[in-house]
Structure formats: structure tokens, C-alpha cells
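Got your viewer open? Let's walk through this one selection by selection.

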Amino acid sequence: MLKLHQQYLLLHSQLGDTTEHTLTLSDLAELLDCTHRNTLTIVKKMANLGWIHWHAQRGRARRSVLSLLVPADQIAAEYMMQTINRRELQEAADQVRAFSGSPSMQYYLNQWLLGYTGYHTEAGTSNESIDTLRLPIRQQLHALDPLYINLLAESFVTSHVYDGLVQRDEHGQILPALAHTWDVSDDSLTWTFHLRKGVHFHSGRSLSASDVVFTFERLQSTARRTLYREVSKHIHSVEAASPLTVRFQLNTPHELFLSFLTTSRAVIVPSSQSAHTAMNQSEREHMQSRQLPIGTGPFKVTLWDNHMCRLEAYPTYFQGRALIDRVDILQIPWSTSKTSHKSSQDLNTTADENIESPFFHLMHNPSNASGTGWTEASSGVSVTKLLTCNTQKPGPLNDPGVRAYLQRCIDLIQQPVSETSNTEHKTDVISEPLVGTTDLMDSFVRSPDKQEIVLNIATIPQYRLDAEQLAFALEQLGFSCTIHTGDMEQFKGDWRLESDLILFSLIQDRDEELRRYDLYATLSEHLEPFSKEMVKHMLQTVAISPLATKRKQTLDEVEGYLVSEHLMFSLSQKPVETAYLPSVRGLSFNSQGWVNLRHIWFPSKELE
């Protein structure tokens, strides 16, 4: 049947949009690249399905009439739908890419997705009832090993597969997890964690202190630039004092060490992942990043390929079995209609990707859920888009005057568009031509010969459109901008230091203190020596301050310094919200603002 869909799309692409076409059977066979006999078979099948009408004329060279009765985008949508069950999504997306902008195809896809995704009850191998939630995402899951993850989609999955020694609840409190309690020495250098008994990995093996030791030795030995590295590098050693006791020794005290242990970078992996020791490092890393992950979390990954990740409830989870049996996370390689709820951050993606994902029961960060039967809930998380200056690189931004002028330009760009404009007010970077900027430009002497200020902007692909809009606006104010995009591995390395401006985002969740500390530590790498030392000195104060109020005050001072020196610019801030239908029960959020799948459930339909 799939081939028949392709053949119809081939006919439509060759013959065009005209309803009726006059041609011979030989012409049709040539178009389909098959024999006369096979062509007749294809014609008969399409006619029986109501796709075409074939009015045959007998006799040599007599021309028949072929009527194409079904729009090509409808057939393309049906083709894509069928491939999901066969998990051939990318092939289907490639086949129908020409129809991706068709409103009617988008309609067919949306209607089908609304029925296919969401909550369903399926029959298991023993005819048992399996409650399944299907969630579509646009991001590709490249890795599920916590050492290799880069994307929020990957972090979302791993947060349900692994556990850490401690965890942060949705109110921001740090609670026991794999460790039921812990002790810290008076000098804050020695931390001792006591593991729970009876905790098992998904493989069935019991958790022990050796797994914790392996996890952190692996983290310490990697050359990868991992998130929160500025905290983790303070670990001097970790040892198993007993089968269920782990002792950390820090180089120097760090008040954010316990917060670090609540993050996805510090979840515990089994020591069996040290297999493949005969491989070289790159081969071993690739193998581990693509393995089915094994954790102690509420869900076990039973299937993972380029198109779907299946999570199944782990029945003996130490904090209680998940209420739903299965979650299928589908990687959908196409956008859906802009008339559906707009999601700038679905369950698993960074904000501002402008991804459309019609969640039939759950929708993360909807554009508008009023009057639709949806209820909106705040996750307490926001995403701030930032632009920072790389003053370590010789160039125009080493001049404080240029940075001050850039700040004035960005302030102007962010002003609402004039009421006389037909464009709605915007608070983000705008792409409309700016007016009233002559005085601003004339007030700044850009260079002795008044040439343009040339700036390179570095960002990741998700933010390229934002960078383009910013560059367009700045070009009207005396700047000439070029944009370079790199993947996350490049962005975490020294590649970004080749540019003048760096565009990225900061997630402000219940780990906000730790995230801000890591952000400013990373940003200090972009700064000339004086500013770099200034920031590092203030961050050292944060690390040793036992009072949260003092740490926040110092972090605010770091931010104030960066803003006053025009080294960091805030472009936008957006809250992350979730809309859900009344059929969803048990909705709660973890510390990163993601829906906690373990608590989600759906009431059974009453018997008639």
C-alpha cells in the first residue's frame, strides 16, 4: 500500500494539478516506470480506492482520460500516517517534503495526530490492558547517557530513567533519593551519603556504593565540557566506605555541591557501563551514548531508535510504581499547522524553537489555551534569551563605548513598534525597519573614518532565526553582522570564542542559583583579564557563603557588573507553562519545570 501512495504522488507531481489528463496507457506506464500489465493493476487498485477515474479508449494510440480525484497532500498525509506504525518517519518526511507547506495536508496531519497521540489503552501480550501516553516531539534524541546529553529533550527522558543521590522537589527543597540521609563534616570538605537498601537498576542488579564511585570517576575523567563543571571539578575523590556508604572529599568547600547532586549530570549509572574497554575512547563514547540506558528511575527504556523512545513503568521502583504503564515519545520530523496551539517549548525542547506539537492531552507552553477546554498551569520556570560580549577576542567590543552604543541599540530594538505600524507590539528582537535612529547613530563616532562596526554572532541552530533578526536590526544602526551556527559540542568548546557576540539562553528553574553560577562561570571565559578576575572573585564568594540570601546577593552583584559594563544583554524572557485537558490527573512538575510522568494518570472510561 505504501508503494501505491508513492505512485499516486509520482503521477500528481508529473501531471500537475489539472484534474483531467489525456494520455495513452504507454504514457502512463512510462510515468510509473513499469510494464503495461503492472500499470493496469495499479490503475485498478487506485480506482477501487476512489483515488482516480480511468476512462479507457481501446485501439492503438487511442488516448484515454485519467482523472485524479484526491488531492496529493491528502495522499501524502495518509502515507506519512502509515509510516509511523512502521517507524519509517524520516523516509516518509523526505517523500512528502514538497507538500509540507500545504494547509490541507497540515489539516490532515493535525487531525490524525490528535487521534494518534495522547492517551490510549492497548492490549498487551497476555491481553492485559496497557495505559499508554504518546508524546510527539520535534527534537532528535541523540543520547540518553547523562554524560553525553545536550538537549532538553534528552534531559527530560533521562530525568525519568535515572535517579541521583538527592533530588529537588517542585518547591525547591532538596530531599533524599538514592541516599536516605547524608552527613557533612564541620569544614564542609567531607560528605558521606548512606544509600537505601533494596534499590535495583532496570537490569535487576542492586545499587551499591561502587556504582556511585564509578559514576563520579567517569564524570571527573571525561574531557567533555559538561554542565556544572565549575562545581564538579571541586570533587577531589570519591570512595566506597562500605557497600552502601559513599564518601566524597572536596578540594575546597562549595555550598552548591549538594545542589549539583540533584541535577541530571549527577544521576547514578551502573558500573557495568564501563564495558567495551578494548575500544578507543571515541568508539567507546559513541557506543555508550547510543546504548539503551539503564538506571534506577521510574521508567525503563525498552525501545529507542531514530524515531521513537519507549518508556515502560519499572514495577519495583523504590519511590513507588508510575501510575501510567507506558510512554511513547515520538520524533515527528515535520511541523504542524500554525492554527494549532503553538508550543515554543514542548515537553522536551528548548524554548524559542517555535515547534508545533499538538498534544492531545498535554501541551507545553501553549500560545493560547483560553476558551478551548484546556487548563493552564505554571511550571515556575522561565527561559531568558541572552547576548554576551566576547571581549577576550581583539575587536570593536573591547571598546566600552562600542558596547554602550550596542546596549542603546538593543534597548531601541526592543521598544514596542509604533502605534502607526500595522505590526503588533513586540518585546522580542524585531525584524521591522527601525525609524528615528538617525540621532542615535550620529551621536556615536564609530571609528575615525566612520566605517561600519563588523561583528560576528555565534549561536546554535535553534537560535539562528533570532540571530538573523538581531543582525537585520543592528545593520540599520551602523553594524555589519555575520552569523555562525555550531552544534552543541562546538558551542561548549572554544569555537564560540572566535565570535564577538554569543547568543544563547538561560533556563531559570528551581535550580536557578546553580544555573546562574554556572552561567557566569562560563561567561567569564569570554571576558578580558580584568573582568574575568572580577567575576571569578565574586563567584568564589558565592561558593563559600553558607547563607542563600548572601549567595543570591552576590549573584545579583555579578549580574549587575556584567550589565553595567555592557557585557551581557537580556533579549527576552518567557515563562514556561503547560496546558492540559480535564482528563489528565496527577499533574505535577519536577524542579526543571517538566511534567512528572510518574504521577500522570487517566481515569478509566465508565462501562455503559
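How many residues does the largest nonpolar core have, and which of them have the most contacts inside it? Keep in mind as you click around that this is a predicted model. The core has 86 residues, and the ones to pick for the most contacts inside it are L165, F216 and F248. Now color helix α12, residues 400-413: with seven residues, this helix gives the most to that core. There is also a second, separate core, made of 36 residues, and you can find it by selecting L135, L152, V267 and V576, which are among its members.

**Next stop: F248**

Select F248 and show its surroundings. F248 is buried, with a relative accessible area of 0%. Leaving aside residues up to four places away in sequence, F248 touches L165, L189, T190, W191, F193, V212, F216, I235, S237, V238 and F257.

**Now the rings**

The structure holds 12 aromatic pairs. Start with F193 and F248, which meet edge-to-face, at 5.6 Å centre to centre and with 85° between the planes. F193 sits in strand β9 (residues 190-195) and F248 in strand β11 (residues 245-250), so this pair ties together parts 55 residues apart in sequence. Both F193 and F248 are buried.

Then add F216. F216 and F248 also form an edge-to-face pair, with 4.9 Å centre to centre and 90° between the planes. Here the link runs from helix α8 (residues 209-221), home of F216, to strand β11, home of F248, and the two residues are 32 apart. F216 counts as buried because its relative accessibility is 1%, under the 20% cut-off.

To see the wider group, select W182, W191, F193, F216, F248 and F257: ring pairs link them into a cluster.

**Checking the cysteines**

How many disulfides are there? The count comes to zero. For a look at why, select C409 and C481. The closest cysteine sulfur to that of C409 is in C481, 9.9 Å away, which is too far for a bond; a disulfide would need the two sulfurs within 2.5 Å. Both residues are tucked away by the accessibility numbers: C409 counts as buried at 0% relative accessibility, and C481 counts as buried at 10%.

**Last stop: K550**

Buried or partly exposed: what is K550? Select K550 in helix α18, residues 548-564. At 34% relative accessibility, K550 counts as partly exposed. Show the contacts of K550 and, setting aside residues up to four places away in sequence, you'll find T541 and S545.

Definitions and conventions
Residues numbered from 1 in each chain as written. Predicted model: local features only at pLDDT ≥ 70, side-chain atom pairs only at ≥ 80, totals over all residues. Heavy atoms only, no water. Core = buried A, V, L, I, M, F, W, Y, C linked by side-chain atoms within 4.5 Å. Buried < 20%, exposed > 50% of the residue type's maximum accessible area, 1.4 Å probe, protein only. Helix = DSSP H or I, 4+ residues; strand = E, 2+ residues; numbered from the N terminus. Contact = heavy atoms within 4.5 Å. Phe/Tyr/Trp six-rings, centres within 6.5 Å; stacked < 30°, edge-to-face > 60°.
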